[in-house]
Amino acid sequence: MAVDKSNGAEGENVAVIFGVTGLVGKELLKKLLLKPRWTVYGIARNPDFNFNPTYNPNYHFISCDLLDPVQTRQRLGSLHGVTHMFWVTWASQFPLDSFECYEQNRAMMSNALNVILPKAAFLKHFSLQTGTKHYVSLLGDCCSKEVCLYDEDSPRVRGSGYNFYYALEDLLRERLNPKVAWSVHRPGLIMGSSHRTIFNFMGSLCVYGAICRYLNLPFVFGGSRECWEEMHLDSSDARLVAEQHVWAATNEKVYCTGGQALNAINGGRYAWKGVWAAIGMKLGAKVTGDMLSEDFCYSREMGDKGGVWEEIVEKEGLVETGMEDLANWGFLDMLFRCPVKMLANREKVDRLGFSMRCDTLDSILYWIDQMREERLIP
């Protein structure tokens, strides 16, 4: 498993992806393995047997619980000569903005840095992923409905809980060699395919659509009228976010040893009102004239449908998953009743030369097809 330390000096790249089975981690792996002279190590607690390119000799998966410092030292201690690190994972055991969530995520990254940094003499770049929640708080009086397009220099939210995003950025400033460049990428609502992700929008949407189709239920939007008619959160295609990670990590023109913050969003505007019918039709669900239902609660209406999902999986010959492996009904309820607008601009990445953009509806339809190809949904 060990990589000879001379590799970095000879132009070889050695990447470590923390969170390789997640929405963006999977796309990062695909992109890096297409590049010549890259060796990639993927880190996660459990492998994704539905996506595991073991046939590629340049890829090595390491099962590791990064919250366990002893296991982290044992499992990652043989990694030498790492040139690029991608952090696209987080610990979700505690509520967002809680002190416990803040401390746990800081400890998890610290455990990894303690092991890898002493042996990473050729480290070129560290790429951190957080999100546009960097700019807002969902707690108490901080939930303002004021419309603001946040740029990367927008100040941190003070006095509103413990945002672990700040802890991770501060840790990198503290621990990285002053000569090592790093970037932090802030996506909005990530659209991708994984059954290892707690806030899995596409999984939740597709399971909901499949159940509606199976039971002949109307494909309604359960949320507030404001979220139905107005954009509250930027969308971020996982392919775009992964591409931006790679672009920033391999483009020395945008390297910044003090940390380069970059919003990672599709660009363009959308409203659920304008795309919901097309999504329902793509999923084969019943689309009615009046699709908004402010009284509909996903947790209440879908929470007891685990048995229905089992029937669908068996009937359609899908990859065996429990409903909770793909769907998070509480997340949909929160998302579609979001009390604050988390809208960012992408002027900075445009100016620096990152040109990839995605249309939100096109992203959703693509990932429905991808999840079907992976046999995760019918």
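Start by selecting Ala 264 and everything around it: setting aside its neighbours within four places in sequence, Ala 264 is in contact with His 185, Arg 186, Pro 187, Gly 188, Ser 236, Leu 240, Val 241 and Gln 244. One thing to know before you go on is that you are looking at a predicted model.

Keep Ala 264 selected for a moment. Is this residue buried or exposed? Ala 264 is buried, because its relative accessible area is 0% and buried means under 20%. It sits in strand S11. Now add Gly 77 to the selection. Ala 264 and Gly 77 are 187 residues apart in sequence, and their C-alpha atoms are 32 Å apart in space.

**Stop two: the sheet**

Switch to a cartoon view and follow S11 into its sheet. Seven strands make up this open sheet, and if you walk across it you meet them in the order S3-S2-S1-S4-S5-S7-S11, with parallel pairing. Which strands are at the edges? They are S3 (59–63) and S11 (260–264), and each of them pairs on one side only. Look along the sheet and you can follow its twist, which averages 15° from one strand to the next. As background, strands of a sheet pair through backbone hydrogen bonds, either parallel or antiparallel.

Zoom in on the S3 end. Strand S2 covers residues 38–44, and five bridges join S2 to S3, the two running parallel. To pick out one bridge, select Tyr 41 and His 60: His 60, in S3, is the bridge partner of Tyr 41.

**Stop three: helices on the sheet**

Stay here and bring up helix H3, residues 69–76. H3 packs on the sheet and touches S1, S2 and S3, with its direction at about 155° to that of S3.

Next, select helix H2, residues 23–33. H2 lies across S1 (13–18), S2, S3, S4 (84–87) and S5 (125–129), and it runs at about 165° to S1. How many of the 11 residues of H2 are buried? The count is nine, so H2 is mostly covered, going by the under 20% cut-off for buried. Colour some of them if you like: among the buried residues are Leu 23, Val 24, Gly 25, Leu 28 and Leu 32.

**Stop four: salt bridges**

Show side chains now. Side chains of opposite charge can pair when their charged atoms come close. The model has 21 salt bridges, and a few make good stops.

The first stop is still in H2. Select Lys 30 and Glu 27, which form a salt bridge with their closest N and O atoms 3.1 Å apart. Why are these two placed to meet? They are three residues apart in helix H2, so about one helical turn separates them. In general, an α-helix has 3.6 residues a turn, so residues three or four places apart point the same way. Turn on the surface to compare the partners: Lys 30 is partly exposed, with 27% relative accessible area, whereas Glu 27 is buried at 6%.

Now go to Lys 133 and Asp 97, whose side chains meet in a salt bridge (2.8 Å, N to O). Lys 133 lies in the loop between S5 and S6 (149–150), while Asp 97 lies in the loop between S4 and helix H4 (99–116), so this pair ties together parts that are 36 residues apart in sequence. Both Lys 133 and Asp 97 are buried.

For another pair, try Asp 350 and Arg 346, which meet in a salt bridge (2.9 Å, N to O). Asp 350 is partly exposed at 30% relative accessibility, but Arg 346 is buried at 5%.

Then select a whole group: Arg 156, Glu 169, Asp 170, Arg 173 and Arg 186 are linked in a network of salt bridges. You have already met Arg 186, as one of the contacts of Ala 264.

**Stop five: the largest pocket**

Which residues lie nearest the centre of the largest pocket? Select Thr 89, Trp 90, Thr 197, Ile 198 and Phe 199, which have that place among its 47 lining residues. The pocket holds about 1,300 Å³ of space. H2 and S2 come back here: together with helix H5 (164–175), strand S8 (189–191) and helix H13 (329–335), they each supply at least two residues of the lining.

**Last stop: a loop**

Finish at Val 287, in the loop between helix H9 (272–282) and strand S12 (292–293). Val 287 is partly exposed, at 31% relative accessibility. Leaving aside neighbours within four places in sequence, Val 287 is in contact with Ala 277, Gly 280 and Met 281. Add Phe 219 too: it is 68 residues from Val 287 along the chain, yet their C-alpha atoms are separated by 5.6 Å.

Methods:
Residues numbered from 1 in each chain as written. Predicted model: local features only at pLDDT ≥ 70, side-chain atom pairs only at ≥ 80, totals over all residues. Heavy atoms only, no water. Pairing = 2+ DSSP bridges. Helix = DSSP H or I, 4+ residues; strand = E, 2+ residues; numbered from the N terminus. Axes fitted to C-alpha atoms, helices over the stretch in contact; angles between N-to-C directions. Contact = heavy atoms within 4.5 Å. Buried < 20%, exposed > 50% of the residue type's maximum accessible area, 1.4 Å probe, protein only. Salt bridge = Lys/Arg side-chain N within 4 Å of Asp/Glu carboxyl O. 1 Å grid on protein atoms, 1.4 Å probe; cavity = no way out; pocket = protein on both sides within 12 Å on 5 of 7 lines; lining within 4 Å. Points joined across faces, edges and corners; volume = space filled by probe spheres on them.
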